[in-house]
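I opened my notebook to record, entry by entry, what I looked up in this structure. I wanted to begin with a small detail and work outwards from there.

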Amino acid sequence: MSFTIAIIGRPNVGKSTLFNRLVGQKLALVDDEPGVTRDRREGQARLYDLDFTIIDTAGLDEGAKGSLTARMQEQTETAIELADALMFVIDARVGLTPTDRAFADFARKANKPVVLVANKAEGKHGEIGAMESYALGLGDPVQISAEHGEGMGDLRDVLSALMPEPVEEEEEIEGVEDWSDEEIAQRPIRVAIVGRPNAGKSTLINHLLGEERLLTSPEAGTTRDSIAVEITWQGRQFRVFDTAGLRRRSRIEEKLEKLSVADALRAVRFAEVVVMMMDAQNRFEEQDLRIADLIEREGRAIVLAVNKWDLVERKPNQISQLRTDADHWLPQVKGVPVVAVSGLMGEGIDRLMIAIQEAYAVWNRRLPTAALNRWFEQAIQAAPPPAVSGRRLKLNYITQVKARPPSFVLFCSRADAIPRSYLRYLTNSLRETFDLPGTPIRITLREKANPFAHKRKRPS
């Protein structure tokens, strides 16, 4: 089992910067504003020859019971319980503060090994602050600069003394190329949950997990980082990303929100299936349509989740009307799965997970070549391409070049002259004939090489 270390300390001492340094990626948001990190975030860290699990936490701070600050501290306390050791980080440039002293006692009571880390220790002022940290009684401070990568060797030596000796495995793990199709099919499906602020994304994920893993609040904008959690549902593994709410660009003014939105967009690009959540009482608003269009452009499988369904007055044929509305407002992903859910009450969760797996299967689908050729001939006969400038357009053949999403190359004459309306006709016909509801479909036009192009014209 992996050795786990939690990074703790007061706000704005550089915990997330250290986390990013150890995992080798900019996973956690970093900003000069205190309190950027709210949910705890886990990652696989590597420091020279040491491999371990690292947990980034919210800054230790006091808050009234039930407040957002208090619940952020509860997340930190949970991380401490899960950890085998703690890294208590102080800001060496600021020196010791009363908050550092109070939470040093808190770390000591955890009854776990504590590594005192004096961050931002570069320069004369950092050296003085690091010397002050001896007063905490947590041993010798490890002086580092997480931003510049200084002192990582000293940190490695201290952590190595805490970690158990690695157990050598007799057999090597087989490479991906040796896995069977069944083994590949069992790999976790990467799912991003996106939507406008306060659509209920974190509440839904908490219900899937069966615990208050992610912070929730009636206040919009609670989630900042894109947090990944592992979920098992009916034996299938999922890696689900909670993301910050996406508002219209014109309304985004603060730097921190811009960083949160950029992090959410990265989660969409990394995902395989994207669940777009809408508020059942305010559905298919302009920003919802923009988000769906973004997902389609990124080529990800999409599922619409209409949340807070428990607040809607029930009427006959409501679900059918939802699907009709989805096809009307989102014609580029016609047939997209629509699921009515309540993240708070747990309604529709099973239907949502089934829809995610079905969308994932469609997104990965490869069409038989023979069936594709038969469809192509019938589609052209049913509606031949229009003549342009009195010249007939010739469509030669079509082939699927890849899945994820289903992508095709259409060989033709005069590719630039084929109208977009005719491509939409082919796309919709493909979707209907081969049962590809909701998934983005890519058709690229390519002109077939002219075998006589190299011959010069005879002089007249």
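Which residue of strand 14 does lysine 402 stand opposite? I looked along the strand and found that lysine 402 faces serine 407. I note here that the model is a predicted one, so every value below is computed from predicted coordinates.

**Entry 1: the sheet around that pair**

I then looked at how strand 13 and strand 14 run, and they pair in the antiparallel sense over six bridges, with strand 14 covering residues 407-412. I placed both of them in an open sheet of three strands, whose order is 13-14-15 and whose pairing is mixed. Strand 13 (395-402) and strand 15 (442-447) stand at the edges, and because each has a single partner strand, one side of each is left without a neighbour in the sheet. The twist from one strand to the next averages 25°. I also found that helix 13 packs on this sheet, where it touches strand 13, strand 14 and strand 15, and that the direction of helix 13 makes about 130° with that of strand 15.

**Entry 2: two residues, one in strand 14 and one in helix 13**

I picked leucine 410, which is found in strand 14, and asked myself whether leucine 410 is buried or exposed. Its relative accessible area is 1%, and since buried means under 20%, I wrote it down as buried. Its C-alpha atom is separated by 4.4 Å from that of isoleucine 398, although their positions lie 12 residues apart along the chain as a sequence distance. Leaving aside neighbours within four places in sequence, I listed some of the contacts of leucine 410, among them Phe376, Tyr397, Ile398, Leu426 and Leu445.

For helix 13 I chose glutamate 432, which lies in this helix of residues 420-433. Glutamate 432 has a relative accessible area of 69% and is exposed. I checked its distance to glycine 335 as well, and the two are 97 residues apart in sequence but 9.1 Å apart in space, C-alpha to C-alpha.

**Entry 3: helix 1 and what surrounds it**

I went to the start of the chain and counted how much of helix 1 (residues 15-23) is covered. Seven of its nine residues are buried, so helix 1 is largely enclosed by the rest of the structure. The buried ones include Ser16, Leu18, Phe19 and Val23. They pack against strand 1 (4-8), strand 2 (41-47), strand 3 (50-56), strand 4 (85-91) and helix 5 (152-162). After helix 1 comes glycine 24, and I noted that its phi is positive, near 80°.

I followed strand 3 to aspartate 56, which has its place there. Aspartate 56 counts as buried at 1% relative accessibility, and its side chain makes a polar contact of 2.7 Å with the side chain of serine 16.

**Entry 4: the sheet of six strands**

I next traced an open sheet of six strands, in the order 8-9-7-10-11-12 and with mixed pairing. Strand 8 and strand 12 (338-340) stand at its edges, and because each has a single partner strand, one side of each is left without a neighbour in the sheet. On average, neighbouring strands of this sheet are turned by 25° against each other, direction ignored. Strand 7 and strand 10 pair in the parallel sense over five bridges, and in strand 10 it is valine 273 that stands opposite valine 191.

**Entry 5: the nonpolar cores**

Which members of the largest nonpolar core touch the most other members? Of its 29 residues, I found these to be Val191, Phe238, Val275, Val303, Leu352 and Ile356. Among the elements that give two or more residues to this core are strand 7 (189-195), strand 10 (273-279), strand 11 (301-307) and helix 11 (349-363). Helix 11 gives the most, with eight residues. A second, separate core has 28 residues, including Val274, Met276, Ala280 and Ala292.

**Entry 6: the chain as a whole**

Last, I looked up the totals. The chain has 13 helices and 15 strands, and of its 460 residues 49% count as buried. Among contacts between residues at least 6 apart in sequence, 70% join residues at least 24 apart. The chain exposes about 24,400 Å², of which carbon and sulfur atoms supply 48%.

Conventions:
Residues numbered from 1 in each chain as written. Heavy atoms only, no water. Helix = DSSP H or I, 4+ residues; strand = E, 2+ residues; numbered from the N terminus. Buried < 20%, exposed > 50% of the residue type's maximum accessible area, 1.4 Å probe, protein only. Pairing = 2+ DSSP bridges. Axes fitted to C-alpha atoms, helices over the stretch in contact; angles between N-to-C directions. Contact = heavy atoms within 4.5 Å. Polar contact = N/O pair within 3.5 Å; in protein donor to acceptor, adjacent residues only side chain to side chain. Areas by Shrake-Rupley, 256 points an atom, 1.4 Å probe, with all protein chains shown as cover. Core = buried A, V, L, I, M, F, W, Y, C linked by side-chain atoms within 4.5 Å.
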